[in-house]
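Dear colleague,

Please find the structure below. My notes on it follow, grouped by topic.

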Amino acid sequence: MTKPALNIALQGGGSHGAFAWGILDALLEEGRFDIAAITATSAGAMNAVVCADGLRTGGNGGARDALNRFWEKISTARGPFSPVSLNAIRKAFDPFGLFKAASFQWFDALTSVASPYEFNPWNFNPLRDALQDVVDFEGLVKSPPFKLFIAATNVKSGRAKVFRTHEVSADVTLASACLPYLFQAVEVNGESYWDGGYMANPALWPLFYEAGLPDDVLLCALNPQTLDTVPKTSAAIMDRLNEITFNASLIAELRAIAFVQRLLEDEEMGDKLKDRYRDVKVHAIKADDALKGLGAASKFNTDWDFLTGLRDQGRAAWQAWSSTCGTAVGQHSTVDLAKDFLDR
């Protein structure tokens with residue numbers, strides 16, 4: 001019997017991407033659904049390519065092993081500007097973590113006055129080694145187990161660029177995760193790119209125009225949509241501005257989906273137009289509860305205990321979603337877009 005298939009949309013979020021690792025890990029372990037496509041940005045893009053290559057070479061178990069190995073490498077990466085090096089410095093002088101926030105603020109202050117072209121002229125990126133150690137990009141492009149859509153932001157045009165499966169490479173994945181205050185822009189085919197989260201976090205539209213994909217989309221949302229209190233400190237204000245910025249493109253796409261859904265439900269489209277639009281079924285797993293109270297500094301926390309803690313919460317979130325919403329796949333949405341994302 002054919003398994004139901006899902007398109008998966010993975011947001012970025014630095015180390016918070018370990019929550020999405022947990023979602024994928026539990027999905028693969030359960031084996032209830034096939035993955036038809038993943039559209040992803042930043043940390044989500046890394047999870048996507050690692051999962052795809054592991055699935056290609058070793059099935060569901062291989063994908064789980066690959067994800068585990070990748071995040072282990074992230075936790076042990078070393079280099080002059082690696083987040084792990086910042087952790088090592090902090091632990092040496094602050095073994096009990098009393099000044100973790102202060103150490104992040106020091107680094108944040110450095111990046112506000114010096115660009116990565118100045119403080120990292122060698123363009124060192126510890127993520128490159130971790131990716132290339134785990135993923136055979138040439139093999140992945142030749143025989144992908146599902147379709148990939150990786151988003152980056154074109155520096156010069158300011159537009160989102162979505163790289164398809166046949167274009168995926170280490171450079172493409174790093175471009176999707178290139179925070180401009182930390183890393184030099186990544187060049188792909190003569191164009192320079194920054195983090196895809198600025199314009200597509202992630203891009204949903206490729207899922208709707210690509211032929212042969214199912215109508216169900218599972219969004220793994222890492223950036224909090226709502227906030228309980230008004231931020232008062234400069235760090236909290238910047239955190240919230242970043243959350244709003246990195247959610248803006250996604251909300252715009254969800255608004256368009258909600259509009260089309262309403263037209264289809266109300267039968268306000270003519271037959272010609274109806275044939276051109278898909279009745280997208282939207283599902284979502286939000287990390288709001290797991291990430292509540294974690295500021296921007298935690299996105300650079302690569303302590304293994306922190307990463308595996310987020311992974312375990314992601315696993316629990318998948319198990320809860322699968323048990324309550326899994327039977328809806330192929331039938332109807334389990335998200336009220338207007339209520340959950342559009343504040344209506």
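**Ser42 and other backbone points**

At 8% relative accessibility, Ser42 counts as buried, because the cut-off for that class is under 20%. Please keep in mind throughout that this is a predicted model. Ser42 sits in the loop between β2 (34-41) and α2 (43-76). Its phi is positive, near 55°, and the residue is not a glycine.

Asn189 is another non-glycine residue with a positive phi, here about 50°. This one belongs to the loop between β5 (186-188) and β6. Is Asn189 buried or exposed? With a relative accessible area of 74%, Asn189 is exposed, because that class begins over 50%.

There is also a cis peptide bond to check, which runs from Asn201 to Pro202 and has omega near -10°. Pro202 is placed in the loop between β6 (191-195) and α9 (205-209).

**Overall make-up**

The protein has 14 helices and 8 strands. It contains 344 residues, of which 52% count as buried. Among contacts with a separation of 6 or more, 78% are between residues 24 or more positions apart.

**Helix α2**

How far apart are the end C-alpha atoms of α2? They are only 17 Å apart, although α2 has 34 residues and a straight helix would reach 50 Å at 1.5 Å a residue. A bend of about 140° is found in α2 at Gly58. If you look at one place in this helix, I suggest Gly58, where that bend is located.

Ala48 is also in helix α2. Its relative accessible area is 0%, so Ala48 is buried. Leaving aside neighbours within four places in sequence, Ala48 is in contact with Leu10, Ile38, Ala40, Phe146, Leu148 and Ile150. For Leu10, which is 38 residues away from Ala48 along the chain, the C-alpha atoms of the two are separated by 7.9 Å.

**Nonpolar cores**

Which residues touch the most other members of the largest nonpolar core? They are Val49 and Trp318, in a core of 71 residues. Helix α2 supplies the largest share of this core, with 14 residues. Not counting residues up to four places away in sequence, Val49 touches Leu131, Val135, Phe137, Leu140, Leu148, Ile150, Val168 and Thr173. Another core lies apart from this one and has 24 residues, including Leu219, Ala221, Val280 and Ala284.

**Aromatic rings**

A search of the whole structure finds 7 aromatic pairs. One of them is formed by Phe33 and Trp318 and is edge-to-face, at 5.9 Å centre to centre with 90° between the planes. Phe33 lies in the loop between α1 (17-30) and β2, and Trp318 in helix α13 (residues 304-325), so this pair ties together parts that are 285 residues apart in sequence. Phe33 and Trp318 are both buried. Trp318 is thus worth a look on two counts, as a member of this pair and as one of the two residues that touch the most other members of the largest nonpolar core.

Phe70 and Trp71 also make an edge-to-face pair, with 5.7 Å centre to centre and 80° between the planes. Both of these residues are buried. Phe70 and Trp71 belong to one aromatic cluster together with Trp21 and Trp304.

A charged residue is found over a ring as well: Lys161 lies over the face of Phe163, at 5.2 Å from the ring centre.

**Thr327 and Pro4**

Thr327 is located in the loop between α13 and α14 (337-340). Its relative accessible area is 63%, so Thr327 is exposed. What separates the C-alpha atoms of Thr327 and Pro4? The distance is 9.6 Å, for two residues that are 323 residues apart along the chain.

Regards

How values were computed. Residues numbered from 1 in each chain as written. Predicted model: local features only at pLDDT ≥ 70, side-chain atom pairs only at ≥ 80, totals over all residues. Heavy atoms only, no water. Helix = DSSP H or I, 4+ residues; strand = E, 2+ residues; numbered from the N terminus. Buried < 20%, exposed > 50% of the residue type's maximum accessible area, 1.4 Å probe, protein only. Core = buried A, V, L, I, M, F, W, Y, C linked by side-chain atoms within 4.5 Å. Contact = heavy atoms within 4.5 Å. Expected span 1.5 Å × (residues − 1). Bend = angle between axes of the 7 residues up to and from the residue. Phe/Tyr/Trp six-rings, centres within 6.5 Å; stacked < 30°, edge-to-face > 60°. Lys NZ or Arg CZ within 6 Å of the ring centre and 35° of its normal.
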